[in-house]
Amino acid sequence: MQGRGTAVCLPADVDTDLVIAGRYLRTRDRSVWATHAFEDLDPTLAPRLMGAVIIAGKNFGCGSSREQAVLALREAGVVAVIAPSFARIFFRNAINIGLPLIESDLTCEEGSPVAFDLSEGWVDAGGKRHMIRPLSPRMQEILMAGGLVEYWRAHR
Amino acid sequence: MSTLSERILGAAAGEYVDRKVDRAYAHDGTGVLALEAWKEMGGDRLGKETGYYIQFDHIAPANNGTTATLQHELRDFAKSSSMQFSDIGCGICHQLMGEGLILPGEIVVGADSHSVTLGAFGAFATGVGATDMAAIWLTGETWFRVPESVGIHLTGRFTGAAESKDLALAYVANLGTDGATYQALEFVGDGVHALTMDERLVLSNLSVEAGAKAGLFYADDVTVRYLKEHGQDAASQEYEPCSYRKELDLDLADIVPLVAVPHRVDTVKPVDALAGTPLDQVFVGTCTNGRYSDLARFARLVKGKKVAVRTLVIPASAAILKKTIRTGVLADILEAGCTIGTPGCGPCLGYHMGVLGKGEVCLSTANRNFRNRMGVGGEIYLGSVATAAASAIHGEITSPGAG
């Protein structure tokens, strides 16, 4: 799986309440989550997420199991999230909806181009190529299928 | 020798395994999205060997028409399937599962991050998101990466006003919010045996606040007796020395009353250092500290006094609420000027029933104090039941030892 986008830099320990606040969770209109993504962290961020590769500090997505957090990012047009580590439920949730996550400790330059190839195991950022640890075989299968819904549609 | 997680999952740390889930549960929050994913997967019947449960606790009762409609659909689904359904007012999912539904050695998955609470019974209990839960509805199974474990060795007994919540905040502060990411906590040592099930549930509950996948206790006589009282026969689990990735020694006698200050659970200070901080609300309840022993302790501390700030007390389940009525605990709480909410999560996740206004400050017995969680511009301090009682009486953060 390959992708490319523009770097958006975020700090460490961004919790899922900050990704999408509890007050926006109950709706059938998924665009609400994209519109209000990161509102309590930086209200100007949501419109800049289309085509973004988020490069964050450690422990991204900690806290609640709310899947609206990963759906908000996907709906807003985020291509992938790169961080040294992710909270484990957020990690599973992202792969389950087909949003690539990459565990890597990169220096982020806001607005710079980022490209990655998960099959070959690299990320190009800041003018350098960084090798990355592959996902587990099962997670790769789920991601390649487009998410867990598609995976189980194909495997039943 | 193996860690308890390795024993239950039947494989060594680092391995990926597919395992049957013994009990799977979801609430009105995650259940709605799980139902959508289940339909998209073409779900028709549930996995055969798994016990399935749905509890309405997060926005219970519904706060508006949109929530009510979403809940209506999930309620219909739960009732038309073979799932065990608990409607609004029954209580918090983790508490209901802990009232005799979980046995030592089981694999338990909840669609909520605080599903780790049930590790207190010697089960491997962990949280997932909605789509993972939908797949468990479909197959009765899920995949796990068997975690490495952090050993938390407990010795001694609590002294003074310190309680299990203070110990929980102490270990989260020590490990940090990601100190145990992808790993499990195991609470071991002589100090464990003196802890009641309610106290153990608090320690397991907070394990996800250190990033942990699970927080386990070995089932012992205390566990077996508790389960017997809840109609279940269970056997204890023998501790075997094993290697932990990291070890932490905590003497309960060293623990003093603590609070986590906004907006991080791992930023913890002695209550004394914050004494005098003015409060707008005190909240006693949640899957952390809404159990009968918590409410009884709170009642004992406020009995015959009046709270100086609005104080919301929410029992974690209907069974707990009924017991507080039978024993007079509820009357003492009401006489002290507190108000009571429907058993459930209350305002913890910031939806209704006691959310904060801009600039308001709350001392809460819950487990998360993230920015804006209980309302935009509100500040949350996390503390013990005893700290909540002392603070409610004085209207400001007050050490429970201060009288």
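Reader: Which residue of β6(A) is the bridge partner of A:V114?

Author: In this predicted model, A:V114 has A:A125 as its bridge partner in β6(A). As a general idea, strands of a sheet pair through backbone hydrogen bonds, and the pairing is either parallel or antiparallel. Here strand β5 (residues 113–117) of chain A and strand β6 (residues 122–125) of chain A run antiparallel, and four bridges join them.

Reader: What is the order of the strands in the open sheet of chain A?

Author: The seven strands of this open sheet follow the order β4-β3-β2-β1-β5-β6-β7 (chain A), and their pairing is mixed. Averaged over neighbouring strands, and with direction ignored, the turn of one against the other is 30°.

Reader: Why is one side of β4 and of β7 of chain A left without a neighbour in the sheet?

Author: β4 (101–103) and β7 (128–131) of chain A stand at the edges, and because each has a single partner strand, one side of each has no neighbour in the sheet.

Reader: How many residues of chain A are in contact with chain B, and which element gives the most to that side?

Author: Contact is judged by C-beta atoms lying within 7 Å, and on that basis 33 residues of chain A meet 39 residues of chain B. The most comes from α4(A), which gives five residues, and the side of chain A that touches chain B consists of 10 nonpolar, 10 polar and 13 charged residues.

Reader: Which domains does the assignment give for chain B?

Author: The assignment gives domain 1 (4–145), domain 2 (149–254) and domain 3 (259–394). In chain B, 17 residues of domain 1 are in contact with 14 residues of domain 3, while the C-alpha centres of these two domains lie 27 Å apart.

Technical notes. Residues numbered from 1 in each chain as written. Chains lettered and ligands numbered in written order. Predicted model: local features only at pLDDT ≥ 70, side-chain atom pairs only at ≥ 80, totals over all residues. Domains from an automatic or database assignment. Contact = placed C-beta atoms within 7 Å. Pairing = 2+ DSSP bridges. Helix = DSSP H or I, 4+ residues; strand = E, 2+ residues; numbered from the N terminus. Axes fitted to C-alpha atoms, helices over the stretch in contact; angles between N-to-C directions. Nonpolar A, V, L, I, M, F, W, Y, C, P; charged D, E, K, R; others polar.
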